[in-house]
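Colleague: Could you take a close look at one part of this model for me? I'm just starting out, so please walk me through it step by step.

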Amino acid sequence: MIKASDSRDDADVLAKKFVVMDRNAAQAAGIYTGFYHYAVLPNTSDRAAIITDATTEAQKAVWRLTSLGGFNTRDLTYALDLENNCIKISRGVCTKYAARSSVTLWAETWMSVFYSKTGRKPFLYSYPSFLEGAMNRSAVLRDFPLWWRYRDWE
């Protein structure tokens, strides 16, 4: 799995720089590749703003995929890497976390938009305690594959 896009502009520039090289090298070695988008949630509780942000971030992933020429026969799908609900940091410490409903809405929107634009279901990457502690159970998300870390590293 190769980081192909990121919510943060500086990290997205690096992802863009390396994704082509990494994909080509892996596939030349006979390795299947997949991609992921690292999510950083917006500092808002406004439903419309959350939907707009998630839609924008999903479109960023779609554009990145398009810039790669789309999926090829050695590509797995895209994943949404969602493992942090901190939305405000002060002096290196998280001082505000997104509400469970906000995190869930953001993920539902990102996954649905990406799927509608590409025709391929993305999967959600996270870890058990985040899924249970930072999100609500969701009928929308239940329709998407889940890739989770076996252990929490926190």
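Let's start with N85: at its relative accessibility, does it count as buried or exposed?

Modeller: Buried. Keep in mind that this is a predicted model. N85 has a relative accessibility of 13%, and since buried means under 20%, that settles it. You'll find N85 in the loop between β3 and β4 (86-90). So what is N85 in contact with, leaving aside its neighbours within four places in sequence? The list is L41, K96, Y97, A98, V103, F130 and A134.

Now step back from that loop to strand β3, which covers residues 75-81 and holds Y78. Here we get into aromatic rings, and a search of the whole structure turns up eight aromatic pairs. One of them joins Y78 and F114: their centres are 5.0 Å apart, and with 45° between the planes the pair is tilted. This pair links distant parts of the chain, because F114 sits in helix α3 (residues 100-118), 36 residues away from Y78. Are these two residues buried or exposed? Y78 is buried, at a relative accessible area of 0%, and F114 is buried at 0% too.

Helix α3 also holds Y115, so let's go there. Y115 and F144 make another aromatic pair, this time edge-to-face, with 6.1 Å from centre to centre and 90° between the planes. F144 is in the loop between α4 (128-134) and β7 (146-148), 29 residues from Y115, so here again distant parts of the chain are linked. The two partners come out in separate classes: Y115 is partly exposed, with a relative accessible area of 35%, while F144 is buried at 11%. Y115 has a charged companion as well: K121 lies over the face of its ring, 5.8 Å from the ring centre.

Back to Y78 and F114 for a moment. Together with F35 and W110, they form one aromatic cluster.

One last stop is Y32, in the loop between α1 (9-28) and β2 (33-38). Y32 counts as partly exposed, at 48% relative accessibility. R74 lies over the face of Y32, at 4.4 Å from the ring centre. Y32 also helps make a nonpolar surface patch of about 390 Å², along with M1, L76 and W147.

Definitions and conventions
Residues are numbered from 1 along each chain as its sequence is written. This is a predicted model: local features need pLDDT of at least 70, side-chain atom pairs count only at pLDDT 80 or more; totals for chains, interfaces and linings use all residues. Side-chain values use heavy atoms; hydrogens and water are left out. Rings of Phe, Tyr and Trp (its six-membered ring) pair if their centres lie within 6.5 Å; planes under 30 degrees apart count as stacked, over 60 as edge-to-face and the rest as tilted. Helices (H or I, at least four residues) and strands (E, at least two) are DSSP runs, numbered from the N terminus. Buried means under 20% relative accessible area, exposed over 50%, partly exposed in between (1.4 Å probe, protein chains only). A charge sits over a ring if NZ of Lys or CZ of Arg is within 6 Å of the ring centre and within 35 degrees of the ring normal. Patches are made of residues with over 30% relative accessible area and no salt bridge: like charges are joined within 9 Å, nonpolar side chains (Val, Leu, Ile, Met, Phe, Trp, Tyr) within 5 Å. Accessible areas come from the Shrake-Rupley method with a 1.4 Å probe; for residues, only the protein chains shown count as cover. A salt bridge is a side-chain nitrogen of Lys or Arg within 4 Å of a carboxyl oxygen of Asp or Glu. Contact means heavy atoms within 4.5 Å.
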